[in-house]
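Dear colleague,

Please find below the structure for your review. My findings follow it.

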Amino acid sequence: MTQDQQAGKRRPGTPGALSRWVQRKMNARMNHKIRGGRGKFMGMDVLILNTVGRRSGQPRETPLAWFADGEDAWLIVASGGGSQHPDWHVNLMAHPDRASIELPGRDAMPVTPHRLDGADREQAWQRIAAAQPRIAKYQSKSDREYPVIRLIPRTA
């Protein structure tokens, strides 16, 4: 624990306790809807990304917008709005072998994440931005490039 954490201070741009509580409640509600077969939010398709905490090893569930990438792959964007990549992205990259997704009304499916770079990222980004211009707007206001992750089904 850092001195700031011990003193109850938080890093700039880090959400406070109330904000984290609200986010957990909203995520739980969205996860319930997805598991019930309703997978739309603000006009976007939504899935549940299952990861484990990079330090804790505890299960984590995050509802995320997704974009089709062919017949059997999904694209997700690590936006999160802040100056750092969201926790789910850090967890996913730390334990890619423990990732799975839940599509609306379906059981969890193991997936392998691939972070896209270069031309692959640019092509995927153009499709994502065309489908959801608000994501491109958020990106234009950020100091960091949002990672684009391709999720493909993992075979046993």
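In this predicted model, Leu18, Trp21, Val22 and Met26 form a nonpolar surface patch of about 410 Å². Patch members have over 30% relative accessible area and no salt bridge (a side-chain nitrogen of Lys or Arg within 4 Å of a carboxyl oxygen of Asp or Glu), and nonpolar side chains are joined within 5 Å. Areas come from the Shrake-Rupley method with a 1.4 Å probe, and for residues only the protein chains shown count as cover. Leu18 lies in helix α2, residues 17-35 (a DSSP run of H or I, at least four residues; strands are E, at least two). Leu18 is exposed at 62% relative accessible area (exposed is over 50%, buried under 20%, partly exposed in between).

The largest nonpolar core (buried Ala, Val, Leu, Ile, Met, Phe, Trp, Tyr and Cys joined through side-chain atoms within 4.5 Å) has 16 residues, of which Leu47, Leu49, Trp74, Ile76, Ile101 and Leu151 touch the most other members. Two or more residues each come from β2, β5, α3, β7 and β8. A separate second core of 12 residues includes Met44, Leu75, Tyr146 and Val148.

Overall, the protein has five helices and eight strands, and 36% of its 156 residues count as buried. Of contacts (heavy atoms within 4.5 Å) between residues at least 6 apart in sequence, 63% join residues at least 24 apart.

Residues are numbered from 1 along each chain as its sequence is written. Local features need pLDDT of at least 70 and side-chain atom pairs pLDDT 80 or more, while totals for chains, interfaces and linings use all residues, and side-chain values use heavy atoms, without hydrogens or water.

Kind regards

Technical notes
Patch = residues over 30% accessible without salt bridge, like charges linked within 9 Å, V, L, I, M, F, W, Y side chains within 5 Å. Buried < 20%, exposed > 50% of the residue type's maximum accessible area, 1.4 Å probe, protein only.
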